[in-house]
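Dear colleague,

I am passing this structure on to you, and I would be glad if you could look through it before reading my notes underneath.

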Amino acid sequence: MGNLLGGVGVREPTTVEDCDSTWQTDSEPEPEEPGPGGGEGPGREPAQPPESPEPPERAGGRPRASPAPDRDAEAAGAEQEADSTEVSAKPKRSFYAARDLYKYRHQYPNFKDIRYQNDLSNLRFYKNKIPFKPDGVYIEEVLSKWKGDYEKLEYSHTYIQWLFPLREQGLNFYAKELTTYEIEEFKKTKEAIRRFLLAYKMMLEFFGIKLIDKTGNVARAVNWQERFQHLNESQHNYLRITRILKSLGELGYESFKSPLVKFILHEALVENTIPNIKQSALEYFVYTIRDRRERRRLLRFAQKHYTPSENFIWGPPRREQPEGSKAPKTPAPPTSEHHSQTSMHKKPKDSKNPSAAGRVNSKAAEDKKVTPREPEEETDWPSSEAGSEAAGSGDPEREGDADSSSPQPEETIAHALEKKERASPSEKDEEREKRNKDCESPGETGSHDDALLQ
């Protein structure tokens, strides 16, 4: 187990975004995507330096509390198995997985090796000096007799921690964590490195994959169809792949990760041979890679082939548009504003002389009171005053013109009455005859004439 650094602690991430720095410096042009074998080959172009831990913080002279690495790994592993069984649902980022892989990529900040752990158990096992516990099997027997025995490799769960050691505790408590000193000694021991690569090839063949060169490129094995079908249905092997990828990085084979992850993504998203693995590949496998540039390449490739595309949640975060760059609203045309103001303040023509209209209405009411008529007479023979009044109210524009150029209505009515009285008797007789022809009742004509003379 590790030990907290005395007096100094690194700030622990609290969100998935804090754990993931993949898209923080996304300034490289999008590269051309090679074939499924990961043809670009690690090391063929200058790689960015791995992520460095955040600057340490002091917390009152005491180290900040931090859970042990194995707890995060176990929680992430449990989520990895659960997530892989629900590939059809909309995915979501796992904080436990993000924090576990953040600690791995940053060399487990807040933890320090303990001296008594430098017994080099993992190195001695790979030098074939001690067997792995609790089974008591040596590495040479595993590489010679377990190779191709897929039943044994599938159902035995105690060897994987010894074949691919990490700096964190696994499920086999007999296995010891790697220390920084042991890692350096392991890289110097050719015998251990040779056996480590043979163990890697053995597990790849168990998954239906083969290592084709010394740069880490991989391809389908001869029995890939049978093994892919098994891999697609056995989600606990995704935990093993995550552990293998981590161990490759610890023991000097960081460049082997990207070709393997690219191959798995191609088979899962393009060929659809192992579709159930895509969630683990995007949430775990990709984030074991320390070079953020390599992670971006893999995620860009995955985004092109992921379906449904709207469920892809591992791309760059959406940047909100700044307020200053928003397009200004187009103002309304000035002509429409002028028209609206004109229509609001324009007065109707019939309201130019309200006092005159009021006097006409009052005069007509007085005339009706003075000369009462039968209902039939009002209906059949309206008076000239009423007719002129109706004509004036029916044509407001004409009435407005009359207000501005002719005398008042009272003077007009008086002038008409005076003209009638001055008319000669012959003219009156002609008028009576003309109206008698149009009227059905002579009594109505008489009453009408009396009204006109009054």
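The notes below go through a few individual residues and two peptide bonds.

This is a predicted model, in which local features need pLDDT of at least 70 and side-chain atom pairs count only at pLDDT 80 or more, while totals for chains, interfaces and linings use all residues. Residues are numbered from 1 along each chain as its sequence is written, and side-chain values use heavy atoms, with hydrogens and water left out.

Arginine 227 sits in helix H10, residues 224–233 (helices are DSSP runs of H or I with at least four residues, strands are runs of E with at least two, and both are numbered from the N terminus). Arginine 227 counts as buried because its relative accessibility is 5%, where buried means under 20% relative accessible area, exposed over 50% and partly exposed in between, with a 1.4 Å probe and protein chains only. Leaving out residues up to four places away in sequence, arginine 227 touches Tyr150, Glu205, Phe206, Phe207 and Gly208, contact meaning heavy atoms within 4.5 Å. Its C-alpha atom is 5.6 Å from that of phenylalanine 207, although the two residues are 20 apart along the chain.

Tyrosine 108, in the loop between helix H3 (95–105) and strand S4 (111–112), has a positive phi near 50° despite not being glycine, and this tyrosine 108 is buried at a relative accessible area of 2%.

Finally, the bond joining lysine 133 and proline 134 is a cis peptide bond with omega about 10°, and the one from threonine 307 to proline 308 is cis with omega near -10°.

With kind regards
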